[in-house]
Amino acid sequence: MPTTVKAYAATSATDPLTPTTIERRDVGPRDVRIDIRYAGICHSDIHTARGEWGATRYPIVVGHEIAGVVAEVGSEVTRFAVGDRVGVGCMVDSCGECRFCRRGDEQYCVEGNIQTYGGVGKDGVPTQGGYSQAIVVTEDFVLRIPDGLELDVAAPLLCAGITLYSPLRHWGAEPGTRVAVVGLGGLGHMGVQLASAMGAEVTVLSQSLKKQEEGLRLGAGAYFATSDPDTFRRLAASFDLVLNTVSASIDVDAYLSLLDVDGTMVLVGAPEHPQSVRAFSLIPRRVSFAGSTIGGIRETQEMLDFCAEHGIAAQVETIGVEQVNEAYERVLASDVRYRFVIDTATLA
């Protein structure tokens, strides 16, 4: 029979999140039931809970940065056992048959991957996320968390980490690659660490210099304030890759001017409103303006192993679930270094 677990849910776009209970399906032959220990707070959670990315089906339990311990496995599960340390990211299933799923890019599933929350599972039941005590996920979408990573700092890697790792790998970050990370927040602080570990020359571009010391500590070689008009003149045509992690609208043309010939600016933050770009910001130097989402399951596991090998972890502030609404406001005010993580033991 389905299991009832405690959770925290958004009931409308304007009301605060409140305690609730939800049902998790019975464990099927290929399913893994996970006791959730930590759930990271992603800006996507806030956008969804507040209906900023379109219609949201309420009530909804958000959270797609999940770290925990296997509590039960189905009879056909081969890769996990009770007690294993595991994680779940932004997807809990996909068609498994299209060309993208077959090559390990489930995030681009032709039929649309099934999101950890706000989606509809193959059983027809709406999916609910990680602000809860437990979750049941098919084995193919469960990640193994290496022993070198603590569960609390590993949780944000399941979204923030892979969101930066995937474009860095795709656009070939390596020694000598000049990478600029726009914004030093939940996404940006992961991008700095990952790009640095890959050997790239990393520069942080932030509104002010108030986080400069932290950015340099995380691995950046340089740090500039974008509020200084001289920054864009000094850094013109200086980068091979610019990763824009902010979720607010920016002057895209100004940032494209920072790219050298054949450079690429990649949008990984998701602003609520459309952004414009002038043709002649692209044409003269054959630069590209691109976007990137998360990675597939295989690449996400690769990212976790890479982080464990290189001592990379999210910088977190752990909170009780009753502090979620306050944490949302602090995220919007950029008042966190750099990711909130909910200790789900506080749901008990």
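The surface first: the chain exposes about 14,800 Å², and carbon and sulfur atoms supply 48% of that area. Please keep in mind that this is a predicted model. Of the 348 residues in the chain, 55% count as buried.

Now the overall form. The C-alpha atoms fill a box of roughly 65 × 40 × 35 Å along the principal axes. With 348 residues, a compact globule would have a radius of gyration near 20 Å, and the chain, at 20 Å, agrees with that. There are 10 helices and 17 strands. If you take the contacts between residues at least 6 apart in sequence, 68% of them join residues at least 24 apart. On charge, the chain has 29 positive and 44 negative charges, and the mean positions of the two sets are 3 Å apart.

UniProt, in an unreviewed entry, lists residues 12-342 as "domain: Enoyl reductase (ER)". Over that stretch the chain is 23% helix and 25% strand. The C-alpha atoms at the two ends of the stretch are 21 Å apart.

Next, one helix in some detail. Helix α5 covers residues 188-197, and 8 of its 10 residues are buried. The buried ones run from Gly188, His189, Met190 and Gly191 on to Val192, Gln193, Leu194 and Ala195. What do the buried residues of α5 pack against? Three of the partners are helices: α4 at 160-170, α6 at 212-218 and α9 at 297-310. The other two are strands, β10 at 178-182 and β11 at 201-206. After α5 comes Gly199, with a positive phi near 95°.

I will now go through three single residues, starting with Ile319. It is found in strand β16, residues 316-320. Is Ile319 buried or exposed? Its relative accessible area is 5%, so Ile319 is buried, the cut-off being under 20%. Leaving out residues up to four places away in sequence, Ile319 touches Ile41, Val324, Ala327, Phe340, Val341, Ile342 and Asp343. Of these, Phe340, Val341, Ile342 and Asp343 lie in β17, which spans 339-343. For a distance across the model, take Leu241, which is 78 residues from Ile319 along the chain; their C-alpha atoms are separated by 35 Å.

The second residue is Asp253, in helix α8, residues 252-256. Asp253 has a relative accessibility of 11% and therefore counts as buried. Beyond residues up to four places away in sequence, its contacts are Ser276, Val277, Arg278 and Ser281.

The third is Arg144, in strand β9, which consists of residues 143-144. With a relative accessible area of 37%, Arg144 is partly exposed. Which residues does Arg144 contact, leaving aside its neighbours within four places in sequence? They are Arg79, Phe80, Asp84, Arg85, Gln301 and Leu304. Gln301 and Leu304 fall within α9, the helix at 297-310 that also packs against the buried residues of α5. The C-alpha atoms of Arg144 and Thr78 are 13 Å apart, with their positions 66 residues apart along the chain.

Last, some points about the backbone, beginning with two cis peptide bonds. One runs from Tyr58 to Pro59, with omega near -5°. Pro59 sits in the loop between α1, residues 43-49, and β4, residues 66-73. Another cis peptide bond runs from Arg337 to Tyr338, and its omega is near -10°. Where is Tyr338 found? It belongs to the loop between α10, residues 324-332, and β17, residues 339-343.

That loop between α10 and β17 also holds Ser334. Ser334 is not a glycine, yet it has a positive phi of about 55°. Its relative accessible area is 44%, which means that Ser334 is partly exposed.

Arg286 likewise has a positive phi, near 55°, in a residue other than glycine. Its place is the loop between β14, residues 259-267, and β15, residues 288-291. Is Arg286 buried or exposed? At 57% relative accessible area, Arg286 is exposed, because the cut-off for that is over 50%.

To recap the backbone part: the loop between α10 and β17 includes Ser334, and Tyr338 as well.

Terms used
Residues are numbered from 1 along each chain as its sequence is written. This is a predicted model: local features need pLDDT of at least 70, side-chain atom pairs count only at pLDDT 80 or more; totals for chains, interfaces and linings use all residues. Side-chain values use heavy atoms; hydrogens and water are left out. Helices (H or I, at least four residues) and strands (E, at least two) are DSSP runs, numbered from the N terminus. The radius of gyration is taken over C-alpha atoms; the globule rule is 2.2 Å times the number of residues to the power 0.38. Buried means under 20% relative accessible area, exposed over 50%, partly exposed in between (1.4 Å probe, protein chains only). Contact means heavy atoms within 4.5 Å. Accessible areas come from the Shrake-Rupley method with a 1.4 Å probe; for residues, only the protein chains shown count as cover. Lys and Arg count as positive and Asp and Glu as negative; His and the chain ends are not counted. The place of a charge is taken as NZ of Lys, CZ of Arg, CG of Asp or CD of Glu. UniProt positions are given in the numbering used here, feature names are shortened, and annotations may be inferred rather than shown by experiment.
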